[in-house]
Amino acid sequence: MNANQFLKAVSQLQGWRECAFLLALAERSFTNYALFAEAVGLKTGAKMRQLLDLAWDMLQKDAEDAAIPQLLSKLEALSPSVDDYDAYGVYPAFDFCQLLEQALLNRLNPNKHRATDAAQLATKTVTDFVEMSEGEGLDDNELINLFEHHPLLKDDKLFQRDTVLALKKQRTPTEDFLAELRAGAANDGVSNLGISLDG
């Protein structure tokens, strides 16, 4: 599946498949939020985990419309402002919050397509991190080369592609399928930036 085919496949995701894709992206980047919260002494990691779990649970059953605005306002309260922190970690943490927000908004308004922007945001989290950690002093061509061959970006591409393919094949959101999708996205706690809570 080349880049154009992938983007086309993402643009065709609808309904529960689109929501599951958004949640998978959020799940893969959750550790970025949890690590940031821990590093700056915020006691919000467990609450955010709970929120993400609730969002996954909603795929199995019809969420009451009233519940989603409540979850969105909880998410807003738990989201860090990038202006309040000097630490780089606030950016991947904030990106995670945006992905989860898109998944919740998808349930509120399923007719608005969100998966393409979310896929690009998730990849941008990785490219920004790679540029910040390894790209200093590189010119544009060297940066492009770095991105093309970087294992984190290869992993991100593979994860997103495999998720889309799995969703396209699946007829209904069965409990087993979603559990497998979620476990794959959680990646044993290793985020899309290759970091984990266990260090």
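**Pocket, core and two helices**

Reader: Which residues lie nearest the centre of the largest pocket?
Author: The largest pocket has 19 lining residues (a pocket being an open set of points on a 1 Å grid over the protein atoms alone, where a 1.4 Å probe fits, with protein on both sides within 12 Å along at least five of seven lines; lining residues have an atom within 4 Å of a point). Keep in mind that this is a predicted model, where local features need pLDDT of at least 70 and side-chain atom pairs count only at pLDDT 80 or more, while totals for chains, interfaces and linings use all residues. Residues are numbered from 1 along each chain as its sequence is written, and side-chain values use heavy atoms, leaving out hydrogens and water. Nearest the centre of the pocket are A3, F6, T123, D156 and K157.

Reader: And which helix gives the largest share of that lining?
Author: Helices here are DSSP runs (H or I, at least four residues), numbered from the N terminus. Those giving two or more residues to the lining are α1, α6, α7 (140–149) and α8. The largest share, seven residues, comes from α8.

Reader: What about the largest nonpolar core: which helix gives the most to it?
Author: This core has 50 residues (buried Ala, Val, Leu, Ile, Met, Phe, Trp, Tyr and Cys joined through side-chain atoms within 4.5 Å). At least two residues each come from α1, α2, α3, α4, α5, α6, α8 and α9. The biggest contribution, 14 residues, is from α2.

Reader: L100 is on the list of residues with the most contacts inside that core, so to speak; which residues is L100 in contact with?
Author: L100 is one of the buried residues of α5 (buried is under 20% relative accessible area with a 1.4 Å probe, protein chains only; exposed is over 50%). What covers the buried residues of α5 includes α2, α3, α4 and α6. Setting aside neighbours within four places in sequence, L100 is in contact (heavy atoms within 4.5 Å) with L23, A26, M48, L51, L52, A55 and L75.

Reader: Moving on to α9, which of its residues are exposed on the other side from the buried ones?
Author: The buried residues of α9 are F177, L178, L181 and A185. They cover an arc of only 95 degrees around the axis, so they sit on the same side of α9 (the arc is taken from the directions from the helix axis to the C-beta atoms). On the other side, the exposed residues are E175, D176 and E180.

Reader: Which helices help cover the buried side of α9?
Author: α9 spans residues 175–186, and N187 follows with a positive phi, near 55 degrees. What covers the buried residues of α9 includes α2 (15–39), α3 (45–60) and α8 (151–169).

Methods:
The expected span of a helix is 1.5 Å times one less than its number of residues.
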